[in-house]
Amino acid sequence: MELYYSFSVLIVLAAIFSYLNERFLKLPSTIGIMLMAMLVSIALVITGNIFPNLFAGFSGLIANLDFTEILMGAMLNFLLFAGAIHIRLKDLKEQRAPIIVFSTVSVIISTVIVGFISYYILQFFHLNVPLIQCLVFGALISPTDPIAVLGILKKAGVRKSLETKVAGESLFNDGVSVVVFVVLLELAKGEDVDLSFGSVSWLLAKEVLGGFGMGILLGFIGSRAMQRIDSANVSALITLAIVMGGYLIAQAMHISGPLTMVAAGLVIGNYGKATRISVTTRDYLDKFWELIDEILNAILFLIIGLELLLIPDITKYWLVGLISIVVVLFARFISIWIPTLIIPFKTKFDRQTITILVWGGLRGGVSVALALSIEKDLNKDLFLAITYFIVIFSILVQGLTVGKLTQSKNTPKLSEV
């Protein structure tokens with residue numbers, strides 16, 4: 001009943017905020033919901049002494065939600081599958097070189113830059129945080145969030161080739177970022193970690209290749225089953241089974257669940273729906289997963305907004321948080337700019353394209369979830385507060401303006417990029 005109660009409250013709030021946003025604010029749905037949830041959180045904090053029961057009730061509701069497990073263990077799989085099922089493999093193949101580089105090399109470069117700069121900034125503010133913990137923070141904040149990116153770019157008016165680069169990078173960088181985060185977190189905890197090239201390479205290969213391989217296998221099995229029966233209802237159940245069962249298999253095999261979902265979604269979307277399935281079934285599946293995507297995105301961004309209630313002394317770190325926003329954007333720029341100089345991509349990246357790639361690299365729920373997974377004695381409250389500042393800026397400011405960047409009169413045509 002506790003889970004049902006919590007979920008019911010979240011659905012009711014998401015519905016109310018969605019209506020108010022559609023009726024009055026007219027912002028992108030996820031941004032509007034998160035903004036209103038933040039305003040409610042701030043109002044509850046301000047009026048906590050006047051309405052203590054209301055404040056305690058909301059705080060207790062959010063405190064009882066294991067956001068890391070809810071997002072990383074459940075919602076992320078549905079959202080990644082829903083995003084991948086609508087992406088064309090042809091578009092990914094055309095942009096495969098920058099997607100691969102930005103989802104691997106760029107993540108590592110950004111992790112190192114954010115980690116080292118954050119270390120010196122925190123020392124300047126007399127916050128004696130070890131370098132290894134700063135690198136953990138760099139690892140959790142460097143990957144772009146596929147949920148935030150896919151949810152916002154769809155309505156931002158970004159050109160297709162550029163949208164594919166940003167969305168493709170965000171879908172595929174989970175494998176590298178999770179491995180880097182886990183290794184650095186184990187080092188920060190003082191545990192014995194084998195940092196040999198062979199060990200790290202094997203861990204990365206198992207996560208990435210294992211996830212891709214399992215996802216492709218599940219996608220083909222599901223596609224064949226859907227093609228043999230061509231039933232809209234049963235096809236929807238098959239895709240649900242792939243997501244939920246695939247995650248359990250990935251967990252048991254210790255491979256990347258998110259990459260499993262991405263690969264399975266790509267196969268279903270490009271093979272399962274594209275061959276020997278009626279238009280009716282294809283349309284039903286598209287609408288079914290669009291609905292799941294909308295509902296889960298609404299709940300996710302609602303939780304992000306309400307998480308403000310659980311961050312102790314967030315105002316204590318406001319200056320560090322604001323500076324960190326600049327640091328993360330700088331690291332993002334360097335991590336994109338350096339590969340474009342060194343690697344001979346098929347097409348040249350002009351300044352405007354790099355600007356949009358940097359500004360479109362949004363951070364979201366994944367970073368918050370990883371920050372929440374850090375142990376208390378590893379300066380969790382500090383890094384969670386900084387992460388929250390960065391995520392809120394990323395979604396509210398970058399998310400609302402990335403479309404305008406591409407529509408600027410001075411923007412060169414990017415259709416060939």
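A crossing of two helices is left-handed if the near helix is turned anticlockwise from the far one by less than a right angle, and right-handed if clockwise. This tour applies that definition to a predicted model, and each stop below names what to select next.

**Stop 1: helices α4 and α14**

Select helix α4, residues 67–84, together with helix α14, residues 279–306. Two packed helices are described by the angle between their axes and the distance between the axes. Here the axes come within 9 Å and cross at roughly 150°. Angles over 145 degrees count as roughly antiparallel, and α4 and α14 are therefore roughly antiparallel to each other. Place one helix in front of the other in the viewer and apply the opening definition: the crossing of α4 and α14 is left-handed.

Next, display the side chains where the two helices meet. On the α4 side, select F67, L71, M75, F78, L79, F81 and A82. Their partners in α14 are W289, I292, D293, L296, N297, I299, L300, I303 and I304. By residue type, this contact of α4 with α14 consists of 14 nonpolar residues, one polar residue and one charged residue.

Keep F78, F81 and W289 on display and add F288. Ring pairs join F78, F81, F288 and W289 into a cluster.

**Stop 2: I70**

Remain in helix α4 and select I70. Is I70 buried, partly exposed or exposed? Its relative accessible area is 25%, so I70 counts as partly exposed. Leaving out residues up to four places away in sequence, I70 touches L65 and M75. Then select A369 and draw a distance between the two C-alpha atoms: I70 and A369 are 8.9 Å apart in space, although 299 residues separate them in sequence.

**Stop 3: an aromatic pair**

The structure contains 13 aromatic pairs. For one of them, select F102 and F349, whose ring centres are 6.0 Å apart and whose planes stand at 80°, so the pair is edge-to-face. The cut-off behind that name is an angle of over 60 degrees between the planes. F102 belongs to helix α6, residues 96–124, whereas F349 is in the loop between α15 (318–342) and α16 (351–359). The pair thus links distant parts of the chain, 247 residues apart.

Both rings belong to buried residues: the relative accessible area of F102 is 1%, and that of F349 is 9%.

**Stop 4: S110**

Continue along helix α6 to S110. With a relative accessible area of 2%, S110 is buried. Which residues does S110 touch, not counting residues up to four places away in sequence? They are S142, A331, S335 and R363.

**Stop 5: helices α15 and α16**

Now select the two helices on either side of the loop that holds F349, namely α15 and α16. Their axes come within 9 Å and cross at roughly 135°. That angle makes α15 oblique to α16. The crossing of α15 and α16 is right-handed, whereas that of α4 and α14 is left-handed.

To see the contact, display L329, R332, F333, I336, W337 and T340 in α15, along with I354, L357, V358 and W359 in α16. The residues of this contact divide into eight nonpolar, one polar and one charged.

**Stop 6: V391**

Move to helix α18, residues 380–406, and select V391. V391 has a relative accessibility of 0% and counts as buried. Apart from its neighbours within four places in sequence, V391 is in contact with I304, R363, G364, S367 and V368. Two of these names have appeared before: I304 is part of the contact between α4 and α14, and R363 touches S110. Finally, select A148, which is 243 residues away from V391 in sequence but 9.7 Å away in space, C-alpha to C-alpha.

**Stop 7: two loops beside α12**

The tour ends at two residues with positive phi values. Select D230, in the loop between α11 (197–229) and α12 (232–253). D230 has a positive phi of about 50° although it is not a glycine. With a relative accessible area of 31%, D230 is partly exposed.

Then select H254, in the loop between α12 and α13 (257–272). H254, also a residue other than glycine, has a positive phi near 55°. Is H254 buried or exposed? At 53% relative accessibility, H254 counts as exposed, the cut-off being over 50%.

Terms used. Residues are numbered from 1 along each chain as its sequence is written. This is a predicted model: local features need pLDDT of at least 70, side-chain atom pairs count only at pLDDT 80 or more; totals for chains, interfaces and linings use all residues. Side-chain values use heavy atoms; hydrogens and water are left out. Rings of Phe, Tyr and Trp (its six-membered ring) pair if their centres lie within 6.5 Å; planes under 30 degrees apart count as stacked, over 60 as edge-to-face and the rest as tilted. Helices (H or I, at least four residues) and strands (E, at least two) are DSSP runs, numbered from the N terminus. Buried means under 20% relative accessible area, exposed over 50%, partly exposed in between (1.4 Å probe, protein chains only). Axes are lines fitted to C-alpha atoms, for helices over the stretch in contact, and angles run from 0 to 180 degrees between N-to-C directions. Angles under 35 degrees count as roughly parallel, over 145 as roughly antiparallel, 65 to 115 as roughly perpendicular and the rest as oblique. Contact means heavy atoms within 4.5 Å. Ala, Val, Leu, Ile, Met, Phe, Trp, Tyr, Cys and Pro count as nonpolar, Asp, Glu, Lys and Arg as charged, and the others, Gly among them, as polar.
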